[in-house]
Every structure is written in structure tokens, then in C-alpha cells.
Amino acid sequence: MEANDETRHSNVAFDQVNANLPPYSFIYRQLAIPLIPHKPTGNLHMETIRVVKKADMVAPESWLEQKPEEALTLPSRYFFDDKIFHSECDRIFMSAWHVIGHKSELSKPGQFVMTDIFDQSVIAACGADGVVHAFHNVCQHRGNRLVEERRDTQIGVFRCAYHSWCYGLDGNLRHAPRSDRVKGFDAGNCNIPAVRVEEMGGFYYFNLDPDAPSMSELFPGADAEMKRVFPNLDDYRLLEEKDVVVAANWKVIMDNSIEGYHFSLSGPCHVDLADLIDFDGYKLTQRDKWWTYAAPANKLATSAYGDVLRHWAEGDAGGGGGWRSRVGQCRVARVLR
Ligand code: FES
Ligand SMILES: [Fe+2]
């Protein structure tokens, strides 16, 4: 499949999720940060969610009181109640940082990446000066979507396909045909509202909440830690992107991604993956509001997903020694290498 077909496929998948699936479906491309405690302490119920203040959600006291050894699954309504889901959208996703692209996709003037999150759509673009700007994917004339491509390079301005209003790579209005005939037309009032964008660990993230704490405040030390583990993170490039659309509440996905209970027990892909990991060295480290999950490679592994592994020496490619294979490297690194 050609890259463009893949991109189109992704967009189609997104449209389908809007049209056919319940509103709590989740597209795994987004980085979501679960800020509601896994297990409510006391009687956390819908009313409680409504009255939680934004500050509490960033650092809920209940995190400190939780005992993981007593944790159970949330009551079922947290997974299907639309009111809870919409509350989560407003209070979690709309003020969280979401990854939009890697540095390699936003380092040359004109390069842009577009992403949708629920009913919002955001463009991040590299300006002529190399600075990355983010802004809403909405023409300020009649609200048309400016861009449909997931990623591309824009030569010159973004031109709206409806009435040709043109915007710079920073989202500012450059030209509106025949606007000189509109009395009092002020182009300065028609710039596309900016969206906050920050870089961390070689990736760019956006946040729709102008008051949200910066990533460096929320995750102090994370950038250095990512670069310690992956020293060449800035030099990676995108090989492939796939949207995995799951007809499930987003918390099901996040729960799955942070537990290893099912890891060596469910399904062939997990068993294959588990074979590559030295579980004796598996370490989960909590650092204030962020965590790392890390484990050394299983040096005894001879294959990865059926592909023969070639071992490398200690100190090579980031140190530590381990294995390398075309397929294994691609899958473990997911989309980047
Ligand atoms: S909607 Fe974009 S120019 Fe009219
Ligand atoms: Fe899994």
C-alpha cells in the first residue's frame, strides 16, 4: 500500500469512528494521560467528577492515598456512560498534552502535520524561520477545514478550498479575496487562533487549554530520561503510521497499556513480545506525575516474531548489547527508528 493510501485509510478510519461507533471509541494514535485515579477512594461517582477542579485533576490528592494492592476495576458505568465520557473529554483530553508529530516531520519550513481529537482538529506547521506553530484547522471565514492530509509540505500559504482565504504557516491571515470591499475588514482579527505547542524528547505536543501547565512543569526530567534511554531520538524518522481503532472506552486501552498481568498469558503476539524481554530486570518507576516502564532485552532470544535475530555487542547502538532484526526492530520501535 502506498504511503498516501495509508494516510487516506487513516482518515477514512477516523470518519468511520465518528459515524458508526459510540462516542467513547478511542483512537490509539493519541497520547492520552489518564489523570483520574484508577480506583476511586471513597464514593467517587458522577457528581464527584463534575465538581473536580482542574487543579485537582492535575495532582489529585487521591493519588497519594491509593493502595495499588487493593485496586479493582472501576464500576461499569465509567466505561459506557456518555455523561462521564463527555466530562472526561472536557476535563482530561481538552487540557492534556497530545503528541502531534516527530521533529523529523516538522523541521523543514512548510512541513505540517494535522491531527483530529474528538471534534477538534489541529495543524502544527514549521514556519520559514524553523519555529513550529500550532493552530486550529478551521478557516476563519466560514469554518471550512483548511487541511485534510495527515502530513505534507505546504509550499507557500494554506489556501482554503472554499473561498480562497490564505493563511501563513503560523495560521495568520495573509489574503482574503475582495476583502477590500468589506467596510472595516480587519485582517488582524481573522488570524486562526493559536494552539499551544511544545517539544519534548524529539516529539511535538499540543494542548488546547491555554492555562494548562507546560510539559516541563508536569513531567520534569522526562525529556532527559527519554534521551538517556534513546540517545538518538531526535534523529529518528517516521517509517509507518497505523491508526488502531478500538470500539471500547479509552480507559480500557489505557488500563491495558499499563498492566503486564495479561502479558505472557494472552495471545501469540504477547507471547512473542514477552520472549524478547528480560522480566527479571523489568522496572516500573514512578516520578511524581509520570512513570517509566523499562526492561532489558532478553539476550537469550533467538527470534522476534519469527524473524531470526542478529545479536550486537555490548556498547553498540546505545549500549547494553542485545538483538537486532528487521522485523523485530520495526515492531518494537512501533513507528520510528
Ligand atoms: S470558508 Fe474558507 S475561505 Fe470561505
Ligand atoms: Fe497487551
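A residue is counted as buried here if 20 or more other C-beta atoms lie within 10 Å of its own, and by this criterion strand β4 (residues 120-126) is mostly covered in the predicted model, with five of its seven residues buried. Across the protein chain, buried residues make up 20% of the 337 residues. The chain comprises 11 helices and 18 strands, and among contacts between residues at least 6 apart in sequence, 54% join residues at least 24 apart.

Strand β4 pairs with two strands, β3 and β5. On one hand, six bridges join β4 to β3 (residues 111-117), the two strands running antiparallel, and within this pairing aspartate 116 stands opposite serine 121 of β4. The connection between β3 and β4 is a hairpin with two residues between the strands, and phenylalanine 118, which lies in the turn, has a positive phi of about 50 degrees. On the other hand, β4 is joined by five bridges to β5 (residues 132-136), again in an antiparallel arrangement, with valine 122 standing opposite histidine 136 of β5. Here too the strands form a hairpin, in this case with five residues between them, and glycine 130 in the turn has a positive phi of about 85 degrees.

The three strands also contribute to the largest nonpolar core of the chain, which has 33 residues. The elements that give two or more residues to this core are β3, β4 and β5, together with β10 (194-200) and β11 (203-207), and the most is given by β4, with five residues. The residues with the most contacts inside the core are Ile123, Ala124, Ala134, Val197, Tyr204 and Phe206. For tyrosine 204, when residues up to four places away in sequence are not counted, the residues touched are Ile100, Gly101, Leu106, Ala124, Val132, Val197 and Glu199.

A further pattern of burial is found in helix α6 (residues 82-91), where the buried residues are Ile84, Phe85, Glu88 and Arg91. These four residues cover an arc of only 145 degrees around the axis, which puts them on the same side of α6. An α-helix has 3.6 residues a turn, so residues three or four places apart point the same way. On the other side of α6, by contrast, Asp82 and Lys83 are exposed.

Definitions and conventions:
Residues are numbered from 1 along each chain as its sequence is written. Chains are lettered from A and ligands numbered from 1 in the order in which they are written. This is a predicted model: local features need pLDDT of at least 70, side-chain atom pairs count only at pLDDT 80 or more; totals for chains, interfaces and linings use all residues. A residue is buried if 20 or more other C-beta atoms lie within 10 Å of its own, exposed if 12 or fewer, and partly exposed in between; C-beta atoms are placed from the backbone. The arc is that of the directions from the helix axis to the C-beta atoms. Two strands pair if DSSP finds at least two bridges between them. Two residues are in contact if their C-beta atoms, placed from the backbone, lie within 7 Å. A nonpolar core is a set of buried Ala, Val, Leu, Ile, Met, Phe, Trp, Tyr and Cys residues joined through C-beta atoms within 7 Å.
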